[in-house]
Each structure stands twice: as structure tokens, then as C-alpha cells.
Amino acid sequence: MTNPHSTAPVPLRTGERLALALAREEMMQDYHRWETDPATVVGFGARWPVSWEVFRARFKSAHTTTHYQLFEVVTADGGIPVGTTSLTVDQSVNSAEFTLVIAPEHRGRGYATEATALTLDWAFTIASLSSVWLEVLAPHTAAVHAYLKAGFRTAGRLRSAALWHGERVDKLLLDCVPDDLAEKR
């Protein structure tokens, strides 16, 4: 799916194994494939994947605006795309919702923690946000662990607020403020 004539990712923040880069239009089909993977759909607590037409329209209209930033997550040493992160900003309170998608073929390698940490670093040091938050389903323990390890803290729980493989489950609310990351250093 990746176009062999695509432009190289432009690294914005580099960590030990990963880097954040600008999202690229030529990667849209890959991003869509990652988001429509059944494990991703379940992880988001959704019932259906988003159609290509809806995904493409959303990407073209909003992948980089004052309210939304989509990052491509790539390997630091070769620029291989492994996922995406995004920040949806509520400017009235200077906070953002965080989302993460790791490509199915790159899951299980510990990339979620580093991708999350790089995005939090961007959110606080470049975008000057006051807080970042996310929703995650309680049974998605690998994601919960990665987010907590990256600096998020538990902020609340919505009981029976989501579906996980057809069962009602709790949705956890996690948040992070700059002081949380300062404490980790």
C-alpha cells in the first residue's frame, strides 16, 4: 500500500527507537488500514470501521489544523511507519484528547509507550498545552499500561460505558499535565 515514490517522513521529535513525523497524504491508505483493523476497532470501543470515503474526507479536511494534529510514528533509524498519534485540541481550555494507533504488524514491540511519550513531549513543550487526556477501555490492559508508563494518570472511570467483544466494560479516563512528566525525569 505504501507508495514507492512517497516522500520521506520529516522527523519532528526523535526518541530512542521512534520519531514523530508529519502525517503524509500518500500514507492515507495505510492509516486507514491500521484504523480499520478489527483489533483497533474493538480497542476504540467502536462497532464499525470508518469507510474509506469518510476517512479520506476527514484526513483531507483536518489532519493538520489549529484544532487537530495527526502525527506519523516512524522508526528513528529507518523512517519505517509504525503508527499514528493525534491531538484534538480544545482551545477554550488549552487541552487535547490523545489517540494512538499502532499498525497491526508492529504491535507487541513496546512502541505505544514511546509514541505516547513523544506526543506528550510535543504537546507540552511545543504546543504549550495545559493538559492531555484520553479514554481507554479497561480490558485493554496493554494500552493502559503503555499510557501509564508514558506519564498519564488515572483521572476517572465510566462504568459500563463501552463494549469490548460484545461485553459491557468500563471506560477509563486518563490525563497528563506537564508536572506529571517532570516528576518522571
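A nonpolar core is taken here as a set of buried Ala, Val, Leu, Ile, Met, Phe, Trp, Tyr and Cys residues joined through side-chain atoms within 4.5 Å. In this predicted model, the largest such core has 31 residues, and those touching the most other members are Phe-98, Val-132, Val-136, Tyr-147 and Phe-152. Strands S2 (18-22), S3, S4, S5, S6 and S8 (167-176), along with helices H4 and H5, each put at least two residues into this core. The biggest share comes from H4, with eight residues. There is also a second, separate core of 10 residues, with Ala-23, Tyr-31, Trp-34 and Phe-55 among them.

Val-132 gives a good view of how the main core is put together. Setting aside neighbours within four places in sequence, Val-132 is in contact with Leu-87, Ala-96, Phe-98, Leu-120, Ala-123, Phe-124 and Phe-152, and also with Leu-174, Asp-175 and Cys-176.

Thr-119 sits in helix H4, which runs over residues 111-125. Thr-119 counts as buried because its relative accessibility is 0%, and the cut-off for buried is under 20%. As for polar partners, the Thr-119 side chain reaches the backbone oxygen of Ala-115 at 2.8 Å. Beyond four places in sequence, Thr-119 is in contact with Leu-20, Phe-71, Thr-85, Leu-87 and Phe-98.

Next comes helix H1, residues 28-36, where the buried residues are Met-28, Asp-30, Tyr-31, His-32 and Trp-34. These buried H1 residues pack against helices H2 and H3 and strands S3, S4 and S5.

Then there is the empty space. The largest pocket holds about 1,000 Å³. Its lining is made up of 46 residues, and nearest the centre lie Thr-40, Phe-44, Leu-100, Val-101 and Tyr-147. Two or more lining residues apiece come from helices H2 (38-43), H3 (52-62), H4 and H5 (141-150), and from strands S3 (68-75), S4 (81-90), S5 (95-102) and S6 (131-137). S5 gives the most to this lining, with six residues. By type, the lining of the largest pocket splits into 23 nonpolar, 16 polar and seven charged residues. Tyr-147 turns up twice in this account: Tyr-147 is among the residues nearest the pocket centre, and is also one of the residues touching the most other members of the largest core.

A couple of backbone oddities are worth a look. Most residues other than glycine have a negative phi. Asn-94 is not a glycine, yet has a positive phi of about 55 degrees. Asn-94 is in the loop between S4 and S5 and is partly exposed, at a relative accessible area of 27%. Ser-160, again not a glycine, has a positive phi of about 50 degrees. Ser-160 has its place in strand S7, residues 153-164, and counts as partly exposed at 42% relative accessibility.

Finally, Pro-178 lies in helix H6, residues 178-184. With a relative accessible area of 34%, Pro-178 is partly exposed. Neighbours within four places in sequence aside, Pro-178 is in contact with Phe-124, Leu-129 and Ser-130. Pro-178 and Gly-151 are 27 residues apart in sequence, and their C-alpha atoms are 9.3 Å apart in space. Phe-124 also links back to the earlier picture, being one of the contacts of Val-132.

Key
Residues are numbered from 1 along each chain as its sequence is written. This is a predicted model: local features need pLDDT of at least 70, side-chain atom pairs count only at pLDDT 80 or more; totals for chains, interfaces and linings use all residues. Side-chain values use heavy atoms; hydrogens and water are left out. Helices (H or I, at least four residues) and strands (E, at least two) are DSSP runs, numbered from the N terminus. Buried means under 20% relative accessible area, exposed over 50%, partly exposed in between (1.4 Å probe, protein chains only). A polar contact is a pair of N or O atoms within 3.5 Å; within protein, one must be able to donate a hydrogen and the other to accept it, and residues adjacent in sequence count only if both atoms are side-chain atoms. Contact means heavy atoms within 4.5 Å. On a 1 Å grid over the protein atoms alone, a cavity is a set of points where a 1.4 Å probe fits but cannot get out, and a pocket is an open set with protein on both sides within 12 Å along at least five of seven lines; lining residues have an atom within 4 Å of a point. Grid points are joined across faces, edges and corners, and a volume is the space filled by probe spheres set on the points. Ala, Val, Leu, Ile, Met, Phe, Trp, Tyr, Cys and Pro count as nonpolar, Asp, Glu, Lys and Arg as charged, and the others, Gly among them, as polar.
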